[in-house]
Amino acid sequence: MEDLSKLSLIEQINGLKARKFSSLELTEFYLKKIDQEKALNSFISLNENALKEAKKSDEKIAKNKNSSLEGIPIAHKDIFCIKDQITTCGSKMLENFVSPYSSTVYEKLSNSGTVNLGKTNMDEFAMGSSNETSFFGSVLNPIDPQRVPGGSSGGSASAVAANLCSFATGTDTGGSIRQPAAFCGITGIKPTYGRVSRWGMIAFASSLDQGGIFAKNALDAALALENIAGFDEKDSTSINKKVPSFLNEAKSKDKEHIVGIPKDIIEDIKDDKVKNNFYESLEILKKSGVKVKEIDLKNIQYSLPVYYVIAPAECSANLSRYDGVRYGHRCENPKDLEDLYERSRAEGFGEEVKKRILIGTYCLSAGYYDAYYIKAQKIRNLIKQSFINAFKEVSSIMMPTCANVSFKLNSIQNPVEMYEQDIYTIPANLAGLPAISIPSGKIKKLPLGIQFIGNYLEEGNLFNLSNKFQQNSNFHNE
Amino acid sequence: MKISEKILDNISSLSKIRIDEEIKSDLVKDLESILEMVEEMNKIDTSGIEPMSHPLEEADNLRKDIATKEIKRDEYQKYAPQTDDGFYLTPKVVE
């Protein structure tokens with residue numbers, strides 16, 4: 001039998017159709033590999049019904065009744081609720097939380113025929129850029145196990161990079177799909193805000209959170225995304241627009257691209273190797289016929305401070321639901337209600353989550369609300385307008401995904417230094433725009449990523465551009 | 001922005017998170033460094049700009065105001081730390 005580990009999602013679909021291997025064989029292969037690679041700590045829990053699901057898929061394939069992703073094993077970030085299964089969100093608070101319903105993302109992928117391998121590790125409540133804030137321990141980067149996989153969707157990125165699955169779900173509030181994709185040398189897409197339903201996806205910052213996909217290349221990511229995108233009446237912020245075939249758009253030969261280069265941002269890149277990689281990547285694009293134009297993205301440098309008001313403010317509101325009463329962790333022997341709340345939350349949340357709740361509470365408290373929260377919202381508007389103006393002239397914008405390659409575990413202690421990890425990814429979340437990270441080379445064996453930001457609902461355009469890059473380079477297969 | 005003990009106690013109380021004495025000084029240092037970064041925002045004049053709370057212009061996809069009868073109290077209460085006869089139990093609130 002051929003080496004199953006290197007197969008892309010689309011190759012697996014074709015292999016299953018051609019009966020080269022069965023879903024059961026594929027699932028058994030991955031479960032064994034996950035067990036062998038336990039030290040990576042990519043998974044929080046495994047799905048005990050995985051083999052049963054695979055057998056069911058094999059029966060459907062035998063009868064030619066297969067759905068679009070029938071029999072393909074997948075891993076889900078442990079932020080997506082699955083009915084009757086534990087969903088921890090990387091937190092002690094939800095260590096034993098069994099969800100009474102399933103997220104729309106999981107439902108859609110389940111209906112598409114995927115086989116759930118298990119739930120992947122993540123920074124606690126998706127707050128972190130290194131996967132070190134997880135209650136279930138750090139995830140290791142399969143390329144260099146002394147280094148972090150990035151975060152918050154570090155488990156999913158690590159799993160795809162280590163060939164423990166061909167694709168996985170993730171969420172991205174300020175870069176939590178794109179930064180780990182870059183650190184692990186894979187492709188990661190955060191779609192337009194509202195493209196993917198947030199129903200059953202545990203909330204961190206509701207105006208920024210968006211579900212997305214990790215995969216081995218742009219075509220796989222396109223196919224996977226079209227299986228989770230679409231309007232959902234259970235999420236009033238989901239967009240009621242038809243979802244095109246992203247795969248067809250990715251392959252289309254008719255799309256013309258004008259890629260915007262925010263010159264000021266690029267010139268300010270501190271690491272020369274990262275800057276050189278950006279310009280080398282640009283050359284690859286130019287050779288494939290893509291046009292390039294310099295643009296000015298005003299006020300984008302304020303994205304980090306704006307984000308660290310808005311995200312903590314929304315998080316402090318969202319996480320108020322964990323009160324030790326309805327579900328989640330409850331402290332022992334509370335002496336009164338106040339003690340119950342304060343100790344349950346102090347024990348259930350980790351340090352980073354508490355820090356963000358405190359910052360958010362401060363920014364929303366009487367006397368500070370206008371100076372922080374309203375001020376941040378005003379600048380957010382300006383940042384969005386900068387993008388809208390830029391997209392009058394260009395079809396996408398190119399930036400590095402991250403200012404550096406993966407760093408060593410426990411090497412960043414200062415919170416602001418950690419937050420700066422997301423300096424290039426946050427702007428797309430603030431504006432609600434789709435953005436993709438694809439591998440663009442390496443510095444001493446460690447992967448780098450470049451990022452394309454697209455106009456609203458133009459995910460197809462991003463896949464097409466990324467596919468053009470991947471047809472003219474081999475970084476995604478290294 | 002300096003975070004005084006009084007401010008820390010206030011936000012700890014508002015957010016219902018108890019903070020141990022021994023971590024207070026490190027925590028204050030971290031919170032102050034975050035706020036210092038955040039205060040970069042003051043360099044930009046935002047007079048006359050509308051605050052933006054949401055990336056989408058309109059979020060008008062509300063479903064019809066019809067009861068869905070999806071009340072599964074018993075199922076949901078299975079996961080609560082303590083319940084009794086359909087009620088969530090907490091320590092006594094009123095003496």
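Which residues is Phe125(A) in contact with, leaving aside its neighbours within four places in sequence? In this predicted model, Phe125(A) is in contact with Cys89(A), Ser91(A), Met93(A), Leu94(A), Ile202(A), Phe204(A), Leu319(A), Tyr322(A), Phe349(A) and Val353(A), once those neighbours are set aside. The points below begin with that residue, turn to two helices of chain A, and end with the interface of chain B and chain A and with salt bridges.

**Surroundings of Phe125(A)**

- Phe125(A) lies in the loop between S3 and helix H5 (154-161) of chain A, and its relative accessibility of 1% places Phe125(A) among the buried residues, for which the cut-off is under 20%.
- Ala205(A) stands 80 residues from Phe125(A) along the chain, while the C-alpha atoms of the two are separated by 10.0 Å.
- One of the contacts of Phe125(A) is Val353(A), which is also listed among the buried residues of H13(A).

**Helix H3 of chain A**

- Helix H3 of chain A comprises 13 residues (residues 50-62), which at 1.5 Å a residue should span 18 Å, and this agrees with the 18 Å between its end C-alpha atoms.
- The buried residues of H3(A) are Ala50(A), Ala54(A), Ser57(A) and Ile61(A); seen down the helix axis, the buried residues fall within an arc of 60°, so they line one face of H3(A).
- Lys52(A), Lys56(A) and Ala62(A) are exposed on the other side of H3(A), whereas the cover over the buried residues includes helix H1 (9-17), helix H2 (23-36) and strand S3 (115-120) of chain A.
- After H3(A) comes Asn64(A), which has a positive phi, near 55°.

**Helix H13 of chain A and Thr361(A)**

- H13(A) has 14 residues, and the 20 Å from its first C-alpha to its last is close to the 20 Å expected at 1.5 Å a residue.
- Because 12 of its 14 residues are buried, H13(A) is largely enclosed by the rest of the structure; among these buried residues are the charged-type side chains' owners Glu352(A), Lys354(A), Lys355(A) and Arg356(A).
- The cover over the buried residues of H13(A) includes helix H11 (303-318), helix H12 (337-348), helix H14 (369-390) and helix H15 (415-419) of chain A, together with H1 and H2 of chain B.
- Thr361(A) has its place in H13 (residues 351-364) of chain A and is buried, with a relative accessible area of 11%.
- A polar atom of the Thr361(A) side chain lies 2.6 Å from the backbone oxygen of Ile357(A).
- Not counting residues up to four places away in sequence, Thr361(A) touches Ser316(A) as well as Ile11(B), Leu14(B) and Ser15(B).

**Interface of chain B and chain A**

- In chain B, 51 residues are in contact with 68 residues of chain A, and the area buried between the two chains is about 5400 Å², of which carbon and sulfur atoms give 69%.
- Arg18(B), Met41(B) and Met52(B) lose the most area to chain A within chain B, and together they account for 14% of what that side buries.
- The interface of chain B and chain A holds 5 salt bridges and 15 residue pairs in polar contact, both residues being at pLDDT 80 or more.
- Helix H1 (5-14), helix H2 (24-38) and helix H3 (73-77) of chain B each supply at least two residues of the side that touches chain A, and H2(B) gives the most to that side, with 8 residues.

**Salt bridges**

- Side chains of opposite charge can pair when their charged atoms come close.
- Arg18(B) forms a salt bridge with Asp339(A), the closest N and O atoms being 3.0 Å apart, and another with Glu342(A), where the closest N and O atoms are 3.2 Å apart.
- Since Arg18(B) lies in the loop between H1 and H2 of chain B and Glu342(A) in helix H12 of chain A, the pair of Arg18(B) and Glu342(A) joins two chains.
- Arg18(B) is partly exposed, with a relative accessible area of 30%, whereas Glu342(A), at 13% relative accessibility, counts as buried.
- A network of salt bridges links Asp339(A), Glu342(A), Arg343(A), Glu347(A) and Arg18(B).
- Within chain A, Arg178(A) forms a salt bridge with Asp172(A), the closest N and O atoms being 2.9 Å apart, and both residues are buried.
- Within chain B, Lys24(B) forms a salt bridge with Glu21(B), with 3.0 Å between the closest N and O atoms; Lys24(B) counts as buried at 12% relative accessibility, while Glu21(B) is exposed, with a relative accessible area of 55%.
- Over all chains, the count comes to 30 salt bridges.

Methods
Residues numbered from 1 in each chain as written. Chains lettered and ligands numbered in written order. Predicted model: local features only at pLDDT ≥ 70, side-chain atom pairs only at ≥ 80, totals over all residues. Heavy atoms only, no water. Helix = DSSP H or I, 4+ residues; strand = E, 2+ residues; numbered from the N terminus. Expected span 1.5 Å × (residues − 1). Buried < 20%, exposed > 50% of the residue type's maximum accessible area, 1.4 Å probe, protein only. Arc of directions from axis to C-beta. Contact = heavy atoms within 4.5 Å. Buried area = accessible area lost by both parts, 1.4 Å probe. Salt bridge = Lys/Arg side-chain N within 4 Å of Asp/Glu carboxyl O. Polar contact = N/O pair within 3.5 Å; in protein donor to acceptor, adjacent residues only side chain to side chain.
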